[in-house]
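Q: I'd like to learn how to read a fold from its model, one feature at a time. Could you walk me through this one?

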Amino acid sequence: MFTEFLDFVAAGHGEEALERVIEEAALDHGGAYTAIGLYDADELRRLAAALAACTGREADALLLEFGTRLGAALIERYPQVFAGHADLFDLLCGLGGHIRDVLHMLDPQADAPVFRGEVVSPARMRLDYRSSAPLPPLAQGLVLAAAAHYGTPVSIVAGPAPDARADVVRFDIRRR
């Protein structure tokens, strides 16, 4: 994810902006990430905040955009995850297991985010998201990438999940 974020910055804003973002984020390792390494999500927040300062855009908007790009890359890398699902809602209802499986292939000790989907009607579902390192805009971008993959235009509203832990974000997803 971190190498993808650095590619996202370079592709959208140039190598000079990438250098400024890495410097502004003041990372202990100077932004040297590996594709298979697992890093603290706070570093991604710091990188997004540095990119926001560089571009004048909101960090959450940048994380949403990045999540959409990351989702497209994951769809390309792991087509088997999507092949067994008839549509977006079917995928999202089984998402938690897929993410856990992919993360555990990289690191058996990884703390995978939890996703719980519930189809409310043919046109609406709820997706609850909980993570020890929550990045709701990035998660929303991943959902948007999956929606694009299935050719399903959606609107998404994020907010706290009623009657749930404080760290749970609920995405209300509606087909348009």
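Q: Let's start with one side chain. Is Phe171 buried or exposed?

A: Keep in mind that this is a predicted model. The test is the relative accessible area, where under 20% means buried. Phe171 comes out at 1%, so it counts as buried.

Q: And its surroundings: how covered is strand E4?

A: The general idea for a strand is that side chains alternate between the two faces of the sheet. In this model, strand E4 covers residues 168-175, and six of its eight residues are buried.

Q: Which strands pair with E4, and in which sense?

A: Look for the bridges. E2 pairs with E4 in the antiparallel sense over seven bridges. Strand E3 (residues 154-160) is also joined to E4 by seven bridges, and those two run antiparallel as well. Arg170 is a handy residue to click on: Asp128 stands opposite it, and Arg170 is also the bridge partner of Gly159.

Q: How do I read an aromatic pair, and what is the geometry of Tyr129 and Phe171?

A: Two values describe a pair of rings: the distance of the centres and the angle of the planes. This structure holds eight aromatic pairs. For Tyr129 and Phe171, the ring centres are 6.2 Å apart and the planes meet at 35°, so the pair is tilted. The pair connects distant parts of the chain, with Tyr129 in strand E2 and Phe171 in strand E4, 42 residues apart. Tyr129 has 5% relative accessibility, so this ring is buried. Elsewhere, Phe2, Tyr33 and Tyr39 form one aromatic cluster.

Q: Now helices. How far apart are the end C-alpha atoms of H1, and what span should its twelve residues give?

A: Use the rise of 1.5 Å a residue: the twelve residues of H1 (residues 2-13) should span 16 Å, and the end C-alpha atoms are indeed 16 Å apart. Try it on H3 too: its 15 residues should span 21 Å, which agrees with the 21 Å between its end C-alpha atoms.

Q: Which residues of H1 are buried, and what covers them?

A: An α-helix has 3.6 residues a turn, so residues three or four places apart point the same way. In H1 the buried residues are Phe2, Glu4, Phe5, Leu6, Phe8, Val9 and Ala10. Their cover includes helix H2 (15-25), helix H3 (41-55) and helix H4 (59-77).

Q: Which residues of H3 are buried, and what do they pack against?

A: For H3 the buried set is Ala41, Glu43, Leu44, Leu47, Ala48, Ala50, Leu51 and Ala52. They pack against H1, H2, H4 and H8.

Q: What should I look at around the ends of helices H1 and H3?

A: Check polar contacts at the start and phi after the end. At the start of H3, a side-chain oxygen of Asp40 comes to within 2.8 Å of the backbone nitrogen of Asp42. Just after H3, Gly56 has a positive phi of about 80°. H1 is followed by Gly14, where phi is positive too, near 95°.

Q: Which residue has a positive phi although it is not a glycine?

A: That's Ala26, with phi at about 50°. Ala26 sits in the loop between H2 and H3, and its relative accessible area of 49% makes it partly exposed.

Q: How many residues does the largest nonpolar core have, and which have the most contacts inside it?

A: The core has 48 residues, and those with the most contacts inside it are Phe5, Leu44, Leu47, Leu88, Leu92, Phe171 and Ile173. H3 gives the largest share of this core, seven residues. Take Leu88 as a case: leaving out neighbours within four places in sequence, it is in contact with Val143, Ala146, Ala147, Tyr150, Thr152 and Val154.

Q: One last polar case: what does the side chain of Ser131 reach?

A: It reaches the backbone nitrogen of Ala133, at 3.0 Å. Ser131 lies in the loop between strand E2 (124-130) and helix H8 (136-149). With 10% relative accessibility, Ser131 counts as buried, whereas Asp42, in helix H3, is partly exposed at 34%.

Notes
Residues numbered from 1 in each chain as written. Predicted model: local features only at pLDDT ≥ 70, side-chain atom pairs only at ≥ 80, totals over all residues. Heavy atoms only, no water. Helix = DSSP H or I, 4+ residues; strand = E, 2+ residues; numbered from the N terminus. Expected span 1.5 Å × (residues − 1). Buried < 20%, exposed > 50% of the residue type's maximum accessible area, 1.4 Å probe, protein only. Contact = heavy atoms within 4.5 Å. Core = buried A, V, L, I, M, F, W, Y, C linked by side-chain atoms within 4.5 Å. Polar contact = N/O pair within 3.5 Å; in protein donor to acceptor, adjacent residues only side chain to side chain. Pairing = 2+ DSSP bridges. Phe/Tyr/Trp six-rings, centres within 6.5 Å; stacked < 30°, edge-to-face > 60°.
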